[in-house]
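Student: I would like a close look at one part of this predicted model, namely the salt bridges. Could you take me through them carefully, including how buried or exposed the partners are?

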Amino acid sequence: MCLILFRFDPSAEHALIAAANRDEAYDRPTARAEFWQESPHILAGRDLEAGGSWLGLSQNGRFAALTNFREGAATPHQGPSRGQLVSEFLDSELSPREYLSQLEQSAQHYAGFNLLTGNAHELWHFSNRGGAAQPLTPGYYALSNGNFDAPWPKALEGKAKLQTCIEQGAQAEELRQLLLDEQVFENGLPDTGIGEELERLLSPLFIRGSHYGTRSSSVVFLGEREFDFYEYNYPYGDLTQPDRRHFQHCF
């Protein structure tokens with residue numbers, strides 16, 4: 001993922017409500033969200049080039065999502081795939097704290113990442129680009145390709161829109177719509193080492209480039225005993241006919 005907007009509140013009917021966009025090269029092979037054949041308790045999309053995923057749930061209510069940490073021009077990474085962290089947590093029986101404690105020992109072998117792990121009772125964040133794993137308190141958050149809850153324009157805009165939508169009782173389609181905003185921001189952009197022109201290109205919530213852009217959106221409602229997971233795929237950034245998938249599961 002490259003933008004995850006979410007509210008976490010264990011006292012609410014849905015402890016976690018998340019709306020997220022995955023940005024990726026259009027030609028990178030990807031499988032749509034489904035229950036994995038070799039691990040049928042995992043529900044997630046799959047990166048067919050390096051393995052792993054960017055966001056998923058397990059049949060017992062575990063949740064994980066990941067964003068890359070932008071650090072200048074992309075260079076080939078020889079270590080393990082970051083996407084494996086999502087599927088490894090979903091496949092694990094460790095608590096979020098225990099899993100992240102173990103991950104901290106090997107985290108520097110991965111390219112830069114932000115990782116969310118949790119369930120309806122607790123949600124944790126960890127990045128291998130600074131700081132120890134931290135439990136999140138109830139509230140609204142936005143996670144993009146920098147430090148946790150960094151005030152990037154699209155993160156601030158998205159978080160405000162998410163809060164309004166949730167307070168108005170928005171359903172999945174309304175949450176998806178807020179992710180489709182293509183407004184380009186000119187001010188307050190981060191400096192991640194890629195130059196101003198590319199920072200502007202990547203500044204919208206929904207990115208539409210010539211070779212790279214928003215490939216899919218995900219919406220999650222996670223409660224104590226059930227979840228709803230929606231995935232919308234956009235072939236080559238085409239919004240006219242999204243491929244919609246909906247999974248509902250009780251546990």
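Tutor: A good place to begin is the salt bridge in which the side chains of aspartate 47 and arginine 28 meet, with an N to O distance of 2.8 Å. Aspartate 47 belongs to strand S4 (residues 42-47), whereas arginine 28 sits in the loop between strand S2 (16-25) and strand S3 (30-35), so this pair ties together parts that are 19 residues apart in sequence. Aspartate 47 has a relative accessible area of 8%, and is therefore buried, since the cut-off for that class is under 20%.

Arginine 28 also forms a salt bridge with glutamate 24, where the closest N and O atoms are 3.9 Å apart. Glutamate 24 counts as buried too, because its relative accessibility is 17%.

Elsewhere in the chain, glutamate 182 forms a salt bridge with arginine 208, and here the closest N and O atoms are 2.9 Å apart. This pair links distant parts of the chain, 26 residues apart, as glutamate 182 is in the loop between helix H4 (172-178) and helix H5 (196-201), while arginine 208 is in the loop between H5 and strand S11 (212-222). Glutamate 182 counts as partly exposed at 36% relative accessibility, and arginine 208 likewise counts as partly exposed, at 39%.

Returning to arginine 28, salt bridges that share partners join Arg22, Glu24, Arg28, Asp47 and Glu49 into one network. For the wider setting, a search of the whole structure finds 15 salt bridges.

How values were computed: Residues numbered from 1 in each chain as written. Predicted model: local features only at pLDDT ≥ 70, side-chain atom pairs only at ≥ 80, totals over all residues. Heavy atoms only, no water. Salt bridge = Lys/Arg side-chain N within 4 Å of Asp/Glu carboxyl O. Buried < 20%, exposed > 50% of the residue type's maximum accessible area, 1.4 Å probe, protein only. Helix = DSSP H or I, 4+ residues; strand = E, 2+ residues; numbered from the N terminus.
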